[in-house]
Number of protein chains: 2
Amino acid sequence: MTDDPIIIMEFDHQSRLRKVRKRLSRRGLDGFLVAGKKNIYYLCGFSGEDSWLLVTAERAILITDFRFQEQAAASLPPECEVSLRTRKSLNAKAAELCREHSLKKIGFEERHLSYGEFYRLKKSLRSRELMPVGELVEELRMIKYPEEIDLLRRSARMTTRVLSLVMKGLTPSLTELDVAGRINIALLRDGGRSAFSPIVATGLRSSQPHAVASHHSIGGGNVLLIDMGAESEAYNSDMTRTFILGDFPRKFKTIYRAVLGAQKKAIRLIRPGVTASSIDGVARRYLEERGYGSYFGHSLGHGVGLEVHERPVISSRSRDVIKKGMVFTVEPGVYIPGWGGIRIEDTVMVTEDECEILTEYPKDLESMVQKMKG
Amino acid sequence: MTDDPIIIMEFDHQSRLRKVRKRLSRRGLDGFLVAGKKNIYYLCGFSGEDSWLLVTAERAILITDFRFQEQAAASLPPECEVSLRTRKSLNAKAAELCREHSLKKIGFEERHLSYGEFYRLKKSLRSRELMPVGELVEELRMIKYPEEIDLLRRSARMTTRVLSLVMKGLTPSLTELDVAGRINIALLRDGGRSAFSPIVATGLRSSQPHAVASHHSIGGGNVLLIDMGAESEAYNSDMTRTFILGDFPRKFKTIYRAVLGAQKKAIRLIRPGVTASSIDGVARRYLEERGYGSYFGHSLGHGVGLEVHERPVISSRSRDVIKKGMVFTVEPGVYIPGWGGIRIEDTVMVTEDECEILTEYPKDLESMVQKMKG
């Protein structure tokens, strides 16, 4: 179904590991245990479970077990080697390698190591020093490599292609769950899969920003909010459109224009150097000035990449600063309990001096009016 | 497509919370912070993200945010209440509630709290005592309630139904990924979804216990291993069958019989009171006696429920003892590098004096020979 050719992507793992090592040496660390699954994938291309990556100045050692031996051999770049933890726990094997390589000060990911794992690792390592490194890899992941941008584009194209297809087949008797199911199936047929359970919310239920699709039929309400995204070759996309079915109340029109205006204003501000909080601020003020400030209770957006929600954070309290190569969502919304909700969300990519919208699906008011058969 | 009627399940959350409180009081804890997503769902039926559950002797308080407010209101049983953490972090809000309720000794899940979360919570709580509780909820979850067994049965039936359907449509030119895709789609059409990415491994690739489906066409090899499972209404199932396509080498026959013999021997031993390690042992010895011991490198099985892998652990080092109401897999395998692998896996449920196989799909040698069109 897809018209996108299959490309075998070459990832520059050497450059990624080099950046990590630079940061380790700056902090005086001679080793780094990576436990976050997506971070391991980012650094060495391995996607198995229950594995850690130990990065030293010279080596990158994937600690895994029997089950993933062949997968590791097939997927690891030449910069990385495998160490099987045969009948040892991850932390015992990691401690053994730290001793073998005489590592003294070892960084760890406090977001990805559970307290229990940390505690056992600490015991196995005895006097060696363990230092939390914060979001070291997540911060690298904020700036996408060109090969990642290619995959993010493909994922975004898949998302818009599938939404067009699903919208064509809507009838009033379908339930929210039916629509969510069709999205899931269409994404699989297109070679990807849902990045998250699609939110399909009709009528009053659209006022829940994270509504779970239900047995309500979509013909029952006149607002249909669809928040969906593809995961394709490990990279995600995220997009929301709010459609109007049948009747066209004036209030919808007014609020829709406010939300779209807020989104456009935010998008126009995006360029390298501006703060994430100022982007959130410009959209929030736009809605406040129109009397909808109290109905916009979440942050404006979030980074998208190997995870659907990652850095940067686009919120009033964020300290992230926008840089070229960042990819994130811009998703203002107005949710009025007892009336319904409208959200418009796009995934955008920051270029040299502005941003490019990756999820190219129409969002002008006229295109949102959906005529259904039956 | 399913012939299973839709049932609205009533979960006895009161009984679950009562069991937790009994264990808290035994350990002298007056509060318990539940951070594991599946554990929260088990105790109060809430499935949103970024939320914790605080259980005290009297109360069960879900700490969540704006996005999940309506979902929490709709899904929580009367025993539970909601506390919104408006603009506060989870740990700050949790600490505030611990102060309000004058809790002094608070249990936490060291498997589910990251080191970073633990560290911040510890700081917010100041002098109050934090105690790791191990797998308190996971241990309760080992023994399934009757309503959980019903859902596990449905999930297992969905798995066998979908595998039958997919096997009927096989042709030699399909790739492993095509077959995995068909399984994913058929599960969605049946109202569930894949509990995990199906393993579809043909020929030599079947020797990787956790092979990732590839672009190899299934007609290329003569062994086709399919490991799949449904997730239906939050409950999982897990099943593996190894088919033979076309030619029928004598070696396949010999090894298949050994694996099936090992599985049957283990299944016959299962009843309340036996140790998990003895079940693993009997299958392992059976394969060792036939010269395949070194080709069976993983444990015999794992619990199945809200997670695909949960307690009990069925391995040589497990200390779990089998009880009525446990549900787990029995999955011996022989993997010979350069030749291929054979695994047979069923999900079984422990009854009063034996066990019942939930994944009723044929596994006798004759049924494994697959004739394909084209």
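Trainee: What makes strand E5 (residues 105–108) and strand E6 (residues 129–132) of chain A a pair?

Mentor: In this predicted model, four bridges link E5(A) and E6(A) in the parallel sense. Pairing needs at least two bridges, so the four found here qualify. One position to look at is Gly107(A), which stands opposite Met131(A) in E6(A).

Trainee: What does the chain pass through between E5(A) and E6(A), and what is the hand of the crossover?

Mentor: The path leaves E5(A), goes through H5(A) and arrives at E6(A), a right-handed β-α-β crossover. The term applies because, with the strands pointing away from the viewer, the path over the helix runs clockwise.

Trainee: Helix H5 (115–125) comes up elsewhere too. How many residues of chain A and of chain B are in contact?

Mentor: There are 26 residues on chain A in contact with 26 on chain B. Helices H3 (69–75), H5 (115–125) and H8 (176–189) of chain A each give two or more residues to that side of chain A. By class, the side holds 11 nonpolar, 11 polar and four charged residues.

Trainee: Why is strand E18 (residues 346–350) of chain A described as largely enclosed?

Mentor: Five of its five residues are buried, so the rest of the structure largely encloses E18(A). A residue counts as buried when 20 or more other C-beta atoms lie within 10 Å of its own. Asp346(A), Val348(A) and Val350(A) point one way from the strand, while Thr347(A) and Met349(A) point the other way, and all are buried. In a regular strand, side chains alternate between the two faces of the sheet.

Trainee: Which strands does E18(A) pair with?

Mentor: Strand E15 (residues 327–330) of chain A is joined to E18(A) by four bridges, running antiparallel. There, Val330(A) has Asp346(A) as its bridge partner. E18(A) also runs antiparallel to strand E19 (residues 355–357) of chain A, with three bridges. In that pairing Val348(A) is matched with Ile357(A). A hairpin of four residues connects E18(A) to E19(A).

Trainee: How do you know which strands lie at the edges of the sheet E7-E10-E11 of chain A?

Mentor: This is an open sheet of three strands in that order, with antiparallel pairing. Strand E7 (193–194) and strand E11 (235–236) of chain A each pair on one side only, and these are the edge strands. Strand E10 (residues 230–232) of chain A is antiparallel to E11(A), over two bridges. Since pairing asks for at least two bridges, that count meets the cut-off. Within this pairing, Glu231(A) is partnered by Asn236(A). Helix H7 (residues 146–168) of chain A lies across E10 and E11 of chain A, at about 140° to E10(A).

Trainee: How do you know whether Gly261(A) is buried, partly exposed or exposed?

Mentor: Gly261(A), in helix H9 (residues 250–269) of chain A, has 16 other C-beta atoms within 10 Å. Buried starts at 20 and exposed ends at 12, so Gly261(A) is partly exposed.

Trainee: What can be said about how domain 1 and domain 2 of chain A are in contact?

Mentor: Domain 1 covers 13–141 and domain 2 covers 146–370. Seven residues of domain 1 of chain A are in contact with six of domain 2. Helix H2 (37–44) and helix H6 (136–141) of chain A each give two or more residues to the domain 1 side. That side divides into two nonpolar, no polar and five charged residues. The C-alpha centres of the two domains are 35 Å apart.

Definitions and conventions: Residues numbered from 1 in each chain as written. Chains lettered and ligands numbered in written order. Predicted model: local features only at pLDDT ≥ 70, side-chain atom pairs only at ≥ 80, totals over all residues. Domains from an automatic or database assignment. Contact = placed C-beta atoms within 7 Å. Nonpolar A, V, L, I, M, F, W, Y, C, P; charged D, E, K, R; others polar. Axes fitted to C-alpha atoms, helices over the stretch in contact; angles between N-to-C directions.
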